[in-house]
Amino acid sequence: MPELPEVETIRRGLKDLISGKKIVKIEILNLKSYPNSQTDTNNFVIGYHIIDVRRRAKLLMIDLNSGYSLLIHLKMTGQLVYVSKKLRFGAGHPNDSLVNQLPDKSTRVIIELSDSNLFFNDQRKFGWIKLLPTDLLTDETYFSKHGPEPLENLTLTAFKNNLKKRLKSNIKAVLLDQSVIAGIGNIYADESLFLAKIHPKTMVGDIGSKKLADLYKSIQQVLQLSISKGGSTDKNYVNAEGKKGSYLEFAKVFRRDNLPCPVCGTTIIKIRVASRGTHLCPKCQKVKILTR
DNA sequence: CACTTGACCTGTCCGC
DNA sequence: TGCGGACAGGTCAAGT
């Protein structure tokens with residue numbers, strides 16, 4: 001899926017594109033993608049205006065002036081693509097990309113606005129759009145099981161304290177755990193661990209205080225760089241305008257197995273950690289040998 | 001309790 | 001060209 005930088009990129013684009021607009025219709029092409037009643041949709045969505053687009057962790061919130069919000073999780077392959085009703089381009093035109101071909105076979109929900117459509121595409125059907133009261137979407141309620149935002153309210157002390165709860169787990173599994181820190185997924189876990197020179201299988205309890213500080217910094221650096229590049233496109237990710245992100249061109253290890261490490265030239269390997277494909281440089285990221 | 005595995009889906013790629 | 005199996009950016013529930 002889209003991880004934090006991809007969801008944040010979509011949020012920024014969408015906020016500009018759809019704020020103030022009215023939802024005129026919701027077309028549901030796959031029931032599981034939109035698990036809400038027709039009554040609630042009629043009462044709290046249709047005819048209402050979009051007043052904000054927010055993000056928490058990997059979730060997007062489209063707030064309406066009805067007191068309700070559309071809460072969206074893109075999971076692995078979800079996309080939210082804005083297409084104006086007026087602007088369509090002919091074949092061969094530079095903008096004759098994805099946006100011209102929608103809806104397609106992966107389109108699950110169409111949110112129709114007065115002058116445009118928002119296509120919720122999701123090849124694997126894991127993603128969803130839930131209709132919930134806006135005041136339920138707070139850290140005290142809906143997000144109580146999510147950890148802090150790594151780029152906002154996460155101090156180094158809090159970071160260390162959160163990791164202390166998982167001393168016996170390997171660090172990669174812990175970075176992927178949304179209740180520890182919100183928003184990191186497989187790409188940025190691998191990239192952060194490479195930058196901090198920590199082997200993904202290292203037990204949290206074996207990582208020293210200085211290394212933890214390195215990791216804290218690396219996470220923020222990697223996420224910020226990716227946001228500035230518009231996120232990572234592996235296969236499916238596109239931003240609100242249907243365009244791909246370029247971060248993967250800057251990735252140091254992710255999807256670079258069998259290529260040389262940009263720091264030492266050693267061949268990058270791919271292994272399995274926390275049952276996820278995991279990329280690392282075996283020289284830069286040594287496993288700590290435990291002496292007993 | 002802490003941690004790992006399987007399930008949810010579709011599509012693609014690789015080996016035979 | 002076809003078929004089987006592994007794998008894909010996430011997260012739950014169920015299992016050990």
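Two strands are taken to pair if DSSP finds at least two bridges between them. On this basis, four strands of the predicted model form an open sheet in the order 1-6-7-5, and the pairing within this sheet is antiparallel. Strand 1, which covers residues 23–28, and strand 5, which covers residues 78–84, stand at the edges of the sheet and have a single partner strand each, so one side of each is left without a neighbour in the sheet. From one strand to the next, the twist averages 15°. The partner of strand 5 is strand 7, made of residues 116–122, and these two strands pair in the antiparallel sense over seven bridges. Within this pairing, L80 has F120 of strand 7 as its bridge partner.

A second open sheet is formed by four strands in the order 2-3-4-8, and here too the pairing is antiparallel. Its edges are held by strand 2 (50–56) and strand 8 (128–133), each of which has a single partner strand, so that one side of each is left without a neighbour in the sheet. The twist in this sheet averages 20° from one strand to the next. Strand 2 pairs with strand 3, residues 59–64, in the antiparallel sense over six bridges, and R56 stands opposite L59 in strand 3.

Helix 1 packs on this second sheet, where it touches strand 2 and strand 3, and its direction makes about 170° with that of strand 2. Helix 1, which spans residues 4–18, also lies across strand 5, strand 6 (107–113) and strand 7, running at about 25° to strand 5. Helix 1 is thus in contact with strands of the sheet 1-6-7-5 as well as with strands of the sheet 2-3-4-8.

A further partner of helix 1 is another helix. Two packed helices are described by the angle between their axes and the distance between the axes. Helix 1 and helix 6, the latter comprising residues 209–228, pack at an angle of about 40°, and their axes are 9 Å apart. The crossing of these two helices, helix 1 and helix 6, is right-handed. On the side of helix 1, the contact involves L4, P5, E6, E8, T9 and R12, which meet L223, S226 and I227 in helix 6. Sorted by class, the residues in the contact of helix 1 with helix 6 are four nonpolar, two polar and three charged.

The model also contains DNA strand B, which is surrounded by K32, K105, Q123, R124, K125, F126, R166, K168, S169 and S275. The residues of the surface near DNA strand B divide into six charged, three polar and one nonpolar. Of the atoms of DNA strand B within 4 Å of the protein, 65% belong to sugar or phosphate, while the rest belong to bases. Individual contacts with phosphate oxygens of DNA strand B can be named: a polar side-chain atom of K125 lies 2.8 Å from one, and a polar side-chain atom of R166 likewise lies 2.8 Å from a phosphate oxygen. For S169, an N or O atom in the side chain is 2.7 Å from a phosphate oxygen of DNA strand B.

Two features of the backbone remain to be described. Most residues other than glycine have a negative phi, and most peptide bonds are trans. L102 and P103, however, are joined by a cis peptide bond, with omega about 0°, and P103 is found in the loop between strand 5 and strand 6. R255 has a phi near 60°, a positive value in a residue other than glycine, and R255 is placed in the loop between helix 6 and strand 9 (269–273).

Conventions: Residues numbered from 1 in each chain as written. Chains lettered and ligands numbered in written order. Predicted model: local features only at pLDDT ≥ 70, side-chain atom pairs only at ≥ 80, totals over all residues. Heavy atoms only, no water. Axes fitted to C-alpha atoms, helices over the stretch in contact; angles between N-to-C directions. Contact = heavy atoms within 4.5 Å. Near = heavy atom within 4 Å. Polar contact = N/O pair within 3.5 Å; in protein donor to acceptor, adjacent residues only side chain to side chain. Nonpolar A, V, L, I, M, F, W, Y, C, P; charged D, E, K, R; others polar. Left-handed = near helix turned anticlockwise from the far one by under 90°.
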